[in-house]
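The following exercises concern strand pairing, the nonpolar core and model confidence. Each task is followed by a worked solution.

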Amino acid sequence: MQERNRPGRIVPAPQHFVSTSLQQDIDRHGLDSPRRDFLRKSFLGAAAGIAAAGIGRHALAADGDPAILEAQPWATSLGQPVAARPYGQPSVYEKNLVRRESPGLTRVSAASVAFAPLQGFFGIITPNGLHFERHHQGWQDIDPARHRLMINGLVKAPRVYTMDDLMRLPAVSRMHFIECGANTGMEWGNVAVPTVQYTHGMLSCCEFTGVPLRVLLDDARADQRRGRYLLAEGGDGSSMTRTIPMELADEIIVAWAMNGEMLRPENGYPLRLVVPGVQGVSWVKWLRRLELGDKPWNAKDETIHYVDMMPDGMLRQYTSIQECKSVITTPSGGQQLVGKGFYNISGLAWSGRGRIRRVDVSTDGGRNWRSARLESPVLSKCLTRFNLDWVWDGGPAILQSRAIDDTGYVQPKLAQLRAVRGTRSIYHNNAIQSWQVAQGGEVSNVHVG
Ligand code: MTE
């Protein structure tokens with residue numbers, strides 16, 4: 001179709017472009033849909049400075065275009081009845097936008113990760129069916145009538161709640177990001193993966209609803225003086241237990257819902273812990289017990305796993321906060337620019353310590369920076385969407401984003417991070433990501449100091 005090569009669009013990379021073993025997994029059609037085409041045209045058309053950038057020149061002339069001149073089948077036939085699909089599904093034209101596993105990353109899929117397709121998201125909310133998944137021993141669909149939450153340890157009135165008990169309590173709804181501590185972990189040493197889905201896709205953002213932890217601790221008459229650490233335990237077979245310092249307690253939610261509906265089984269149905277700003281492993285799913293104690297537990301997932309390998313071979317423990325980070329999601333690795341001219345550079349920024357204050361974007365590998373527009377809402381410990389107008393001159397470019405949070409922390413360059421952390425770590429890589437745009441418009445993952 002002629003439409004496919006319309007200048008100014010971003011289309012998936014041709015087959016030959018991706019040369020890694022993940023080739024078959026790449027979402028080749030993530031941005032290649034009529035709906036996005038339409039949306040891109042209408043929103044870009046509204047943006048200031050568009051005319052100056054010459055975007056209008058790329059729009060098809062209406063003259064002779066059958067798609068606008070002729071009556072289409074959907075305008076001349078009866079549509080589907082209501083409730084033909086009692087639970088709504090995406091359009092058939094969006095079928096390639098899915099979570100993807102990285103073959104060979106783990107020995108079995110039940111103890112693996114499915115990455116969220118960040119390249120196809122708009123705004124900041126992750127659709128429930130595309131939230132990333134990370135399980136240590138597979139997911140379960142637990143009957144809520146048989147699920148219980150115990151509170152014990154340094155409490156005067158130990159409790160066991162049913163789901164009905166919990167859902168009668170005062171609830172709150174808050175928007176927060178969740179990022180696995182291992183997100184971007186494959187990038188420590190070399191350029192490992194080709195697309196943003198695999199570099200940054202262990203990241204999602206939802207509105208979570210549940211009861212504040214404080215309500216439950218008060219109900220159980222927690223020992224405020226001696227109770228300094230909380231142990232959270234999951235009900236699955238992975239023996240997932242995590243120590244959480246009580247300084248974080250005020251923001252923690254014991255949640256049953258995300259994005260307005262009950263949690264999905266993959267994400268902990270019927271109950272999970274929401275620990276804003278903290279790495280995903282502490283967001284214990286299928287939550288069954290909270291124990292208050294006076295010291296950290298040193299559980300297996302805080303001694304063997306989720307520790308940072310430092311250059312001297314020592315392991316750094318309990319580094320739970322996800323530091324300030326950002327990534328450009330469009331254009332990003334595996335995509336291709338078709339024709340010079342106007343593009344909307346778009347991405348996500350977040351900080352486990354608070355709000356995003358600013359995002360700078362460079363198109364020349366970090367020599368010059370411009371501040372991006374931060375789209376509202378800009379919330380604490382939540383994804384922030386940023387956008388920047390860019391007129392591509394058709395030549396080579398290196399796209400980077402650099403986030404700054406409201407503590408003043410600046411997202412580090414890869415070389416700065418490696419100088420402190422070495423290259424043998426798995427966790428907490430929050431370095432600036434670089435996407436190289438080649439002369440022909442192909443976008444690929446590169447490491448720039
Ligand atoms: N909780 C239990 N009970 N079992 C698990 O395997 N995985 C953890 C955490 N909570 C896990 C768990 C990890 S490592 C992460 S990153 C997040 O859940 C992932 O949450 P998600 O699958 O909802 O994205």
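**Exercise 1.** State how many bridges join strand 3 to strand 4, and place both strands in their sheet.

*Solution.* Strand 3 (residues 113–115) and strand 4 run antiparallel and are joined by 2 bridges; strands are DSSP runs of E, at least two residues long, numbered from the N terminus, and two strands pair if DSSP finds at least two bridges between them. V113 has R134 in strand 4 as its bridge partner. The open sheet has 3 strands in the order 2-3-4, with antiparallel pairing. Strand 2 (100–101) and strand 4 (133–134) each have a single partner strand, so one side of each lacks a neighbour in the sheet.

The model is predicted: local features need pLDDT of at least 70 and side-chain atom pairs pLDDT 80 or more, whereas totals for chains, interfaces and linings use all residues. Residues are numbered from 1 along each chain as its sequence is written, and side-chain values use heavy atoms, without hydrogens and water.

**Exercise 2.** Locate the largest nonpolar core relative to the domains.

*Solution.* This core (buried Ala, Val, Leu, Ile, Met, Phe, Trp, Tyr and Cys joined through side-chain atoms within 4.5 Å; buried means under 20% relative accessible area, 1.4 Å probe, protein chains only) has 88 residues. Strand 11 (residues 253–258) gives the most to this core, 6 residues. Domain 2 (100–316) and domain 3 (325–445), with bounds from an automatic or database assignment, both contribute, so the core lies between them.

**Exercise 3.** What is the mean pLDDT of the protein chain?

*Solution.* The mean pLDDT (the predictor's confidence in each residue, from 0 to 100) is 89, and 86% of residues reach 70 or more. Over residues 1–48 it is below 50. Where pLDDT is low, the predicted coordinates should not be read in detail.

Definitions and conventions: Helices (H or I, at least four residues) and strands (E, at least two) are DSSP runs, numbered from the N terminus. Buried means under 20% relative accessible area, exposed over 50%, partly exposed in between (1.4 Å probe, protein chains only). Contact means heavy atoms within 4.5 Å.
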